[in-house]
Every structure is written in C-alpha cells, then in structure tokens.
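Trainee: I should like to examine how the terms used for this structure are justified. May we take them one at a time?

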Amino acid sequence: MLRSDQILATVEMIQKENLDVRTVTLGLNLLDCRGGNIDQTCDKIRNKILTYAGNFVATCEAMSSKYGIPVVNKRIAVTPIAFVGAGFNQDDFVRLAITLDEAATAVGVDILGGFSAQVEKGMTATDREFIASIPAALAATSKVCASINIATTQKGINMDAVAMMGKTIKDLAEMTADQGGFGAAKFVVFCNQPGDNPFMAGAIHGLEEAEAVLNVGVSGPGVIARSLERLIHNHPAPGTLQLDELAEEIKQTTFRVTRCGELIGRAVSLSLGIEFGVVDLSLAPTPTVGDSVGEIFKILGVDAIGAPGSTAILAMLNDAVKKGGIFASKTVGGLSGAFIPVMEDAMLAEAVGNGSLCLEKLEAMTCVCSVGLDMVAIPGSVDADTISAIIADEMAIGVVNCKTTAVRLIPVPGKEAGDYVSFGGLFGASPIMPIRNVGMSSRFIAWGGRMPAPVHSFKN
Amino acid sequence: MNKHMIISVMSKDRPGIIANITGAIYHLGGDLADLNQTVLCGYLTMILSASFDSEVTKEDLVAAISHIKTDCKFEVSIKELAVAGDDPAERPPEETYILTVQGPNKAGIVYGISQFCFEHNINILDLATTLKNNQYTMALQLDLRKCSIELESLQKELVIYARQSDLTIMIQHNDIFRVTHEISMP
C-alpha cells in the first residue's frame, strides 16, 4: 500500500534538501602497469584507465537518470603512485602525474586521486623523489589529487616526513600563487589513511584492495539539517525534545541517505561488472547554501560555530551518522562521519571570518569528527616549520585516538589573516584564518626521526 | 474448488463487516484467497477473491450475504472467473516508478494525471491521494513497461505538464522508496 507521507518525505529529501550521491569513485590497481621505463609505464597506465573507466561516467549518468538522484562527482582512485613508480626520479613522477591527468580527462572523470605515498615508518629513496615531485606535479595538472600517509597508530609518526610536509605545502602554494595557492587544496597529509575512501583529495586504491572496486560517497548535510528543523518545529514547547531524540533523527535520516547511495552504487557496479566496495557515509558540505555541516551546529543549539558545546555537538553528530549508516549499508568503509572543511562550508567559513572559530577550537573538534584540519586557508607568511608543527599535532590526535586525521592547509601567497580567498566551485571560499604563535616550533620540528607508536598499539 | 469468484462489497463502516462477509463465504465452503479493503468518508469497500465447489453459484453467495442482519445493506457485485487470477508477483517489475503530484486543490487533477498516464500507455498499479489545508497530494505507483516513450522524454513531458497545470510533479524509481522505507535491500 502506498504511504503518501513516507513517499513525500523521500521526495522532499531529493527535491528540496540537496540529497545526492556525492561521488562514485572507481578504485583501480596500477601495480601491473610498471614498465621497463617511464614511457612504457605511462602507456600502460593510460591503457588500463581507458579500459576500466571507458564507460564509467556514462554508466553513472545512466543510473543517476534511472533513479532520479544526481551523482555529483565521478572519480578515480589509483594505487599510491610511489609504489607504481618505484625507482623513478622526481621528473618521472611529474610525467606520471601528467599521464594520470590526461587519462582522467579522456574518460571524463572529475578528479583522480592516488598521487600518493605511504611513509608512516620510513622513506625509501623513491618516496623522497616522489615527495620532491609533488609541487611541480600538482601545478602541472588539473585533475590529479595527492595525499601522503605519514603516521599510523601502529607505527607512530614519521617526523622526518612531517618536517618535509611544511615545505612541500609552501612550495605547492607558491607554484600556484596565481590561483591563490590552489595547488595546496589538492594535497592532503594523513594519519591512518583508509584505502577505500572515495572522497578527495585523499582517495587512494589501497594495496589491500582488489583489482578494481567501486566505492560510493554519500553526503547530505542539508537533508540532516532540514529533518532536524522539522522535528524541532513540531516540538515547540520547552522540554518536549531532548538530545537523544535529535540524535535518533540524525540516525534515521542518515539511514535513508545511505540507502540511496548503496542502491546507486550497486547498480553502477552491476552494470560495469566491477566489484562493489563500500559506502562512505560522510556528511561532506558544499559551499551551496543549505548544504552546510556548520548549519547543524546552530540548529543543535550553539549560536556561534566554535562556541563551547561545539565539540560535543560534533561528537554526537559524527556518532549518529555512523550508527545510521552502518545499519543501512552491507559494507561501510572510508572515513564515514562528519567533515568540517572550512572553505567548502559557507557557514564554517563565515565563523572564521567573524572570529568565532579559531584554529585551536577547530583542532579540538577534529578529535571527534571523521577527518581533520581540512581546507583551512592560512596566511602565506606562515613558515614551513609552523605548518609542519600544526600537522604533527593533528597526526598525534589520530595516532592516539586510533582514528583517521588529515591536514589540508592552504598558505595563501601574499594574503594575511582576515583577507579573503576563493577557489570557486566545490572548493569554496573563506577568510584567511589567523595562526597564533607562528615561528615558535622550529626546534621541535628540527629533531626529525620518529615519534614512537603509542602504548595501546602493542596488541600482538 | 474449481469455481473462482471476485466479490466486491460496499457498506457504511462498522465493526463486524469483514467477519460477516468472510463468514458467509466460509459457510458456503469457500476458500478465501485474498482480500483488500479501504475506508473512505465512513464507507468501507472491499474486494475479495475466493474459490468454491462447482455447485455453488453467484446467486447462492448473494443470498448468503443478503441474509446478514445489518443496518446498512451491503452493495455486492460478483464476477465468476474461468480460472483463478494470477498470483501477485513477489515484487513489482523493474520499470516501476513512483509519481508524486502536489498542488492547490482544484477539479480535474486526478483526471488530468490519469489521462496523461493513459495517453502514454502507463498502467497505474496503485494510487493514494490526500487533501490537507487545501493542498492536494497524489502518489501513484506506475508500471512503465509498456510506456510509449523513453523515461527521459516522459520526464520532459511531465515538466511541461507540471508547468501548464501549476502542479509540482516528481517521478522517481520505486526502488528509491523501497530502500528508504524498508529494512531489507531490493
């Protein structure tokens, strides 16, 4: 029997509340693409991507049309390229990036991730060449995203890599100074990086994965915000609604959102004959009004994002999202939780502008959300060691709490705190966040070496 | 059990109607296969499918029902089937879509939409309507297997129809509603 109330709730979710499948990401193993030299390797990579992803975008669009739900991004994630290019030098890695960019353009995907390395314990000579290539590689390409895992709960933090990251990010921003340092928005530093995350810039196809896998990222902060507003509107009398009921509403709404992603992901997977991997049920905001995670803070009771209570709200939100999604999907993976990327969320950006959200509070909030210091524009004058030290703090949070954390900072060349930077599209815009205590951490970063794994990692 | 009948009954709603009607079928040795009922504006209507021995006639069943003591007489219509109706499919066909129509109440909304479906050879599997605060809402479950045009063209025509008739119209695949309302995946 048709229940028009239920049907309309779902219709509203799709029509008015920005429900979409944020990304379908095709993970592809490239380890078998290694040729005798760089030319052969580039050819093999190009051929493999064209073979596997030739129909990928068209199939996503067909399923999107069949089910009437937009698939916003079609992406590819590949094996961390430092493994594929073992023995190559810095210039070779730039050529690999250009090949990946050309292949991504040829098959029509929006972005390609996996220009990556995993150096949480130590770095090979190749890893060093790879890291040196990152600024030029990202400046020379438009669709390639880079990431690097420099810490895990099992192995601790590679502080030599931490020290290199500050400089890499600075170089990357300088090389793309004409675009406001946009190159840095395509590079993210990880602790406990998952191998099946479909979201960028950190998507990779982990070594543990099968030949080709489809992962889906669902989002929908707008859907959650509207459902909470409705619930609050229907309980106007004080004391008739409590936080556990609000958490339950988030959970149930996430269930429905995740289900839509699972349905479309499995349909694309069946149609392409590629194994279905996971649904990543992350609340990923976009700069569009009404598609903000920041807005949920205000709905749940703080008048300024970053005010006391913000961390607790984010903890509840992140947990409720995970609970709803885990039951909705057969296989959940990736990051799965709430993202707080400042530039990509109009209300978080506004909170930076009016001073209610500072870096230290944002860092505290990353202890309970699913990623980290994401898309934070900082003054271009901040030195490399300070950036490295911010990264070290964030890595420590991930290592100790056995969770993924990440850092994507953009030191905007020529701009200072309070100035404004805009990248357009999904990357958004934001005032520059002030950084306190700049230049006070160089002695710490200069130690290098490794920060040992925490005691609770020794479980063998 | 080789005589199959479809029985339709309407009456003012009260406790005991289903017991009365199914009791009459039972006492004639009938085997009830399926029953669907709904209540609208205080009137109950139901449709039943049942099998009987060959000597039982439509007239026997009409007589049995008319002997039931009730304040409001049952309006009964019976059709004999040569063979039992098809069992309902376990799940609707792949090309099942849900059409929702919303707008200020006015005459001819249901007619207009159903005529639109008819013109495109679309079968309506199920239909529910509600009127609240002068807003009229229709939800239709449609079988597009024999639809005369492609889905994309249908969507475009619906956009035009919605604009012309001042209605909000959406069409979504049935599976979207299954996955968001039911525990199990299709």
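Mentor: Certainly; please note that this is a predicted model.

Trainee: At what angle do helix α1 of chain A and helix α9 of chain A pack, and how far apart are their axes?

Mentor: Helix α1 (residues 4–15) and helix α9 (residues 243–272) of chain A pack at about 70 degrees, and their axes lie 12 Å apart.

Trainee: Why are α1(A) and α9(A) called roughly perpendicular to each other?

Mentor: The term covers angles of 65 to 115 degrees. The angle here is about 70 degrees, and α1(A) and α9(A) are therefore roughly perpendicular. On the α1(A) side, Ala9(A), Thr10(A) and Met13(A) make the contact, with Arg256(A), Val257(A) and Cys260(A) on the α9(A) side. This contact comprises four nonpolar, one polar and one charged residues.

Trainee: What makes Lys66(A) and Glu94(B) a salt bridge?

Mentor: The rule requires a side-chain nitrogen of Lys or Arg within 4 Å of a carboxyl oxygen of Asp or Glu. The closest N and O atoms of Lys66(A) and Glu94(B) are 2.4 Å apart, so the pair satisfies the rule. One salt bridge is found across the interface of chain B and chain A.

Trainee: What is the area buried between chain B and chain A, and what share do carbon and sulfur atoms give?

Mentor: About 2300 Å² is buried between the two chains, with 68% from carbon and sulfur atoms. Chain B contributes 30 residues to the contact and chain A contributes 23. Nine residue pairs are in polar contact between these chains.

Trainee: Which element gives the largest share of the chain B side?

Mentor: That element is α5(B), with six residues. The chain B side divides into 14 nonpolar, 12 polar and four charged residues.

Technical notes. Residues numbered from 1 in each chain as written. Chains lettered and ligands numbered in written order. Predicted model: local features only at pLDDT ≥ 70, side-chain atom pairs only at ≥ 80, totals over all residues. Heavy atoms only, no water. Axes fitted to C-alpha atoms, helices over the stretch in contact; angles between N-to-C directions. Helix = DSSP H or I, 4+ residues; strand = E, 2+ residues; numbered from the N terminus. Parallel < 35°, antiparallel > 145°, perpendicular 65-115°, else oblique. Contact = heavy atoms within 4.5 Å. Nonpolar A, V, L, I, M, F, W, Y, C, P; charged D, E, K, R; others polar. Buried area = accessible area lost by both parts, 1.4 Å probe. Polar contact = N/O pair within 3.5 Å; in protein donor to acceptor, adjacent residues only side chain to side chain.
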